[in-house]
Structure formats: C-alpha cells, structure tokens
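Reader: I am in my first year and new to reading structures. Please pick one part of this one and take me through it closely, then show me how the rest is laid out around it.

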Amino acid sequence: MTPESLKQQLSQQYNLVCFEDFAKLTEHTGILYTVFQQCYQSEYQPQQRLIFYTQHRLSLNQLCHLQLAATLTDISNYFIMVCSPHDLTDDLIIANRRHGNDQTVIECKIVDVNSEEFLSTEFVSLDTLCPLPWMHLVVTNLGEIGPCCYSSEILGHITQHQMQDVFHSKSMQQIRWQMAQGEKPKSCELCFKQEAHNQRSPRHHMLGLYQKQLLSTYIVDPKIRSLDLKLGNTCNFKCKICNKDFSSQFASEELKHATTDQKIVEIRRAIDLGKWYDNNENFLDQLEPIWSDLINIDILGGEPFLLKNLPEFLDHAVDSEHAKHIRLHFNTNGSIFPEKLIDNLNKFQSVDIAISIDNIGQQFEIERGGNWDNIEHNVHQFLSLPQTKFRSYIYCTVNIQNVLDLDELYQWADHIGIDVVLSWLHAPLYFSIDNLTPKGKDLVVSKYQDSTRPSLKLIANKVLNSPGSDGTEFVAAMRKFDQRRQQDFLLTHKTIAIAMGFVV
C-alpha cells in the first residue's frame with residue numbers, strides 16, 4: 001500500500017493531526033521530539049490521531065523514544081498509532097512500562113505500507129544518557145575544569161584553558177559519544193555505582209530536570225547552558241566532614257599540624273589555588289560568549305557570600321541583562337546573610353539558597369562550627385525573602401555524626417517552616433553511614449525503620465544493607481579533632497560515640 005492510500009483510508013475514520021514516515025524522524029533524535037511538540041494540544045478530540053508509518057520493523061529502542069516523546073510532551077498514548085507490517089504490540093507494552101504513564105498502550109495497526117529507508121538505524125541509548133555533558137561544566141574550588149562535580153575526570157584548569165575550548169574538547173566529545181552509544185564513561189562511575197545499588201543518582205536527578213530539553217535540543221546542539229562554579233575555598237568554617245580543598249580554615253588547621261614536607265606542599269598548593277577566583281581578573285571575559293545561553297549557575301565555595309568579587313560577578317550579569325534568564329543556586333553555611341546583594345539577586349530569574357545544616361544547637365557547632373543562634377537568625381532572614389523569587393531550604397549531609405539526630409532536625413525545620421533535603425556523604429568514607437558499627441546500625445535501624453518520614457525509613461533500609469565497619473577509623477578521626485579543637489565528641493554526641501567505639 002502506498003502512504004497516500006493509507007492516509008486516505010485512515011482519514012475516513014480519524015482526524016489526522018500528523019502523518020509521518022518514521023524514516024524522516026531518524027536523522028537525529030531531536031526530530032521526533034520536535035514533531036511531538038508541534039503536534040501538542042492541551043486537549044484532543046476522540047477521533048484525532050498522530051500516525052507514524054514504516055515498512056521496517058522498529059526496534060525497542062526506537063519505540064521507547066516514541067513513548068518517551070509522548071510522555072514528555074504530555075500526549076496520551078490513546079491518540080498515537082504506529083502503522084507497520086510487523087506486530088509491535090509486545091514491544092509497545094514494554095516501552096510504556098519503561099517510559100510511559102498511560103493505562104493504554106500506543107496502538108499498532110498491522111498494514112503493509114511503503115516507506116523510505118531509515119537515515120539512521122538507531123536513536124541514542126536511553127540507558128546511559130545524562131544531560132550534563134551536553135550542557136554543563138564545573139570549575140572546582142582549586143580551578144580545575146570537569147564535566148560535573150561528581151565526575152572523576154579533570155579536563156583543564158581555569159587559569160590555563162578557556163571553558164568553551166574544554167566543553168568542545170575531544171575528551172568531552174568522547175563522553176557524549178559513549179553515553180549516546182549506551183556505554184558508561186569511566187569518569188561517571190559514581191552515578192552508575194549508585195544505580196547498580198538501586199539508589200537514585202545525580203544522573204537520575206538531572207534527567208528529571210532536563211530530559212525533555214536534552215532529547216529535543218541539547219543532544220543536537222551542545223553548548224554551555226549551565227555552570228557549577230566553586231569560586232575558591234575561602235571559608236570561615238572547618239566542618240569535620242570537609243577538607244583542605246573546600247575550606248581555607250580547614251587547610252590552615254591542616255598546615256598547622258602537618259608533619260612532612262610533602263604534606264606542607266600539598267596544603268599550601270590548596271591554599272594558593274583556592275584563591276583562583278579572587279586572583280583571576282580574566283574570568284568574566286570567559287563568560288562573555290556564553291552569557292546569552294546560560295540558564296543555570298550554581299555558586300558554591302568555600303562560603304560563597306565571603307567572596308570579595310561576588311558582587312562584581314552579579315553586577316556583570318545584571319548589567320549585561322542576562323540575569324533575567326538565569327537561575328542561581330547557592331550553597332551556604334548560613335553564617336552570613338548577604339543583605340547588600342539582595343537587590344541584584346532579585347533581578348535573576350530565580351534564586352535557590354541551600355543552607356548546609358546537619359544538626360541543631362551545640363551539635364551543629366561541634367560538627368560544622370559557628371554560632372547556632374546566629375545561624376538560626378540568618379535562616380529566618382532567608383525565609384523572609386520573597387517566595388516568588390527565592391527558595392531557601394536546609395541541605396543536610398547525612399553522616400555518622402548526625403544520623404541519630406535527624407528527627408530533631410526535621411522537627412526544628414517543621415517548626416520554622418523550611419524544607420529539608422538530605423544528601424549522602426560519600427567521603428571521607430569513615431564518616432559515611434555505610435560504615436557504622438553493628439551497634440550503630442542497630443540504633444539507626446530501630447529508630448527509623450517505622451518512621452512516618454519516608455526519608456528516615458530509607459536511611460534505616462540503607463544502613464541495614466550496608467557493609468558496616470569496626471569504627472576504628474571514625475574514632476581515630478574524632479579523637480584527632482577533639483585534640484586539635486579542644487572538644488569532647490563523647491560529651492556532645494554520647495550515644496553515637498559509644499556505639500562507634502568510644503570508651504566511657
């Protein structure tokens with residue numbers, strides 16, 4: 001049957017919204033998603049249909065893309081039909097199970113129809129894609145440039161390389177190619193390891209934010225649209241879960257107690273490189289060609305609100321009239337309320353402020369530093385900002401120190417009306433709740449296994465299935481901090497300290 005005959009036949013029964021040879025959609029992944037976007041209607045009539053025809057057998061991968069395009073565009077499967085001489089029903093059921101949310105399945109009409117040859121045999125793999133390599137770069141606290149903050153790969157240094165050059169380098173192209181082919185780049189192993197343990201990875205999170213844009217636009221037009229800027233390591237805290245690369249105060253403490261020349265050199269290097277942003281007069285020049293494409297900037301530290309050149313950075317974004325299309329995200333320790341920056345921040349599309357609080361009261365002061373009353377006052381200040389522009393929330397890093405106190409953190413947050421977002425600490429390993437002692441595991445599981453909060457119940461399940469440890473490294477680390485800082489972890493965190501091996 002010719003396509004014209006098929007179209008005429010179907011037109012007698014349906015109102016055709018589109019009638020497309022699937023071959024024309026195989027030039028690249030984005031065309032399929034563009035077609036769905038063009039066909040989108042807020043409401044369809046019962047007899048309307050989107051028709052895709054081909055004489056070739058569509059692969060499961062192609063059908064999964066078809067299903068995902070419908071899902072992301074919010075078009076019900078009821079209005080979609082695939083015409084083919086092959087019965088694709090079983091694969092369409094699988095595609096709906098993986099990428100759909102419809103009770104109905106895309107209809108397969110078995111008909112012998114002529115069509116063109118595919119321009120490409122397959123679309124990109126949906127199993128390994130992450131939006132970030134097509135849209136994002138990170139600049140670390142020490143000025144190193146990488147694909148993202150979870151990647152192990154270093155692609156350049158901000159004082160020696162242009163971000164644009166790094167983004168279009170062979171190394172980045174290789175990461176994109178591997179993902180598109182269904183391979184798992186070695187530099188991305190952290191995410192894939194988490195997924196192998198049935199955990200939600202950062203890759204999953206980013207797909208939740210940008211999957212539609214990735215498949216419809218970014219994958220055929222990669223450019224820097226997002227930046228994770230860790231603008232040095234200047235910080236007024238020395239959190240125990242931190243290190244010299246992320247905190248100048250931590251680095252200074254390490255330098256004071258260093259016992260080898262090699263260690264001294266490493267720490268001094270971190271201190272020097274940690275000032276890359278304040279000492280880099282040409283950084284704003286690197287932003288000039290990409291301002292218009294940016295939709296997101298994450299600004300971290302150190303403590304970002306201590307950066308002497310941060311006002312200049314914000315001024316530049318506002319004066320160039322690009323702030324209005326950029327979402328800003330800050331990670332702050334909560335010790336500083338940036339009152340003088342609020343006017344400029346108001347000119348950005350939106351501003352997220354993640355306040356790093358793992359515990360409350362004296363426990364907070366021991367684990368992170370600062371004065372709790374000051375922190376609590378600043379949290380209220382952040383909450384007082386216009387909710388239409390600013391979103392403030394608690395970003396809590398779950399680790400051995402605070403794992404038994406999370407219910408109290410939630411109660412405090414509920415009382416003042418602020419959300420809590422939990423993240424898992426991965427390093428240093430001796431602080432990870434994967435390395436609790438058997439006694440520590442028992443305490444956590446018994447406390448949270450019946451919790452009404454899903455996040456705490458998840459912690460109980462994670463701890464129950466964790467490898468655990470004998471606590472030796474944790475105890476040694478805490479005794480080191482106690483000695484250096486004239487503290488007593490056993491006194492302030494008695495229950496977990498004893499469970500981890502502290503002797504009363």
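Author: What follows starts with one sheet and the helix lying across it, then moves on to other parts.

The model is predicted, so local features need pLDDT of at least 70 and side-chain atom pairs count only at pLDDT 80 or more, while totals for chains, interfaces and linings use all residues. Residues are numbered from 1 along each chain as its sequence is written, and side-chain values use heavy atoms, with hydrogens and water left out.

The part for the close look is an open sheet of 4 strands, in the order β1-β2-β3-β4, with parallel pairing. Strands here are DSSP runs of E with at least two residues, helices are runs of H or I with at least four, and both are numbered from the N terminus. Two strands pair if DSSP finds at least two bridges between them. At the edges of this sheet stand β1 (15-21) and β4 (107-110), each pairing on one side only. On average, neighbouring strands are turned by 25° against each other, direction ignored. Angles of this kind run from 0 to 180 degrees between N-to-C directions, and axes are lines fitted to C-alpha atoms, for helices over the stretch in contact.

Inside the sheet, β2 (residues 48-53) and β3 (residues 80-84) run parallel and are joined by 4 bridges. One residue to find on screen is Ile51, whose bridge partner in β3 is Met81.

Helix α2 (residues 29-39) lies across β1, β2 and β3, and runs at about 160° to β2. How many of the 11 residues of α2 are buried? The count is 8, and the helix is mostly covered. Buried means under 20% relative accessible area, exposed means over 50%, and partly exposed lies in between (1.4 Å probe, protein chains only). The buried residues of α2 are Thr29, Gly30, Ile31, Leu32, Tyr33, Val35, Phe36 and Cys39. They pack against β1, β2 and β3, and also against two helices, α3 (60-73) and α8 (202-218). Contact means heavy atoms within 4.5 Å.

A second sheet can be read in the same manner. It is open, has 9 strands in the order β7-β6-β5-β8-β9-β10-β11-β12-β13, and its pairing is mixed. Its edges are β7 (156-157) and β13 (419-424); each has a single partner strand, so one side of each is left without a neighbour in the sheet. Within this sheet, β11 (residues 350-356) runs parallel to β12 (residues 390-398), with 6 bridges between them. Ile353 has Ser392 in β12 as its bridge partner. Gln387 lies in the loop between α15 (372-383) and β12, and counts as exposed at 56% relative accessibility. Gln387 and Val351 are 36 residues apart in sequence, yet their C-alpha atoms are 9.7 Å apart in space.

His493 also sits in a loop, the one between α20 (489-492) and α21 (494-500). Unlike an exposed residue, His493 counts as buried, at 4% relative accessibility. Leaving aside residues up to four places away in sequence, His493 touches Asn359, Gln363, Ile366, Glu367, Gln401 and Asp405.

Next comes a pair of helices. Two packed helices are described by the angle between their axes and the distance between the axes. For α17 (residues 438-448) and α18 (residues 454-464), the angle is about 150° and the axes are 8 Å apart. Lys441, Val444, Val445 and Tyr448 in α17 meet Leu456, Lys457, Ile459, Ala460, Val463 and Leu464 in α18. By class, this contact has 8 nonpolar, no polar and 2 charged residues. Ala, Val, Leu, Ile, Met, Phe, Trp, Tyr, Cys and Pro count as nonpolar, Asp, Glu, Lys and Arg as charged, and the others, Gly among them, as polar.

A search of the whole structure finds 0 disulfides, a disulfide being a pair of cysteine sulfur atoms within 2.5 Å. The sulfur of Cys130 has its closest cysteine sulfur in Cys191, 6.4 Å away, too far for a bond. Cys130 is buried, with a relative accessible area of 8%.

As for the whole, the protein has 21 helices and 13 strands. Buried residues make up 54% of its 504 residues.
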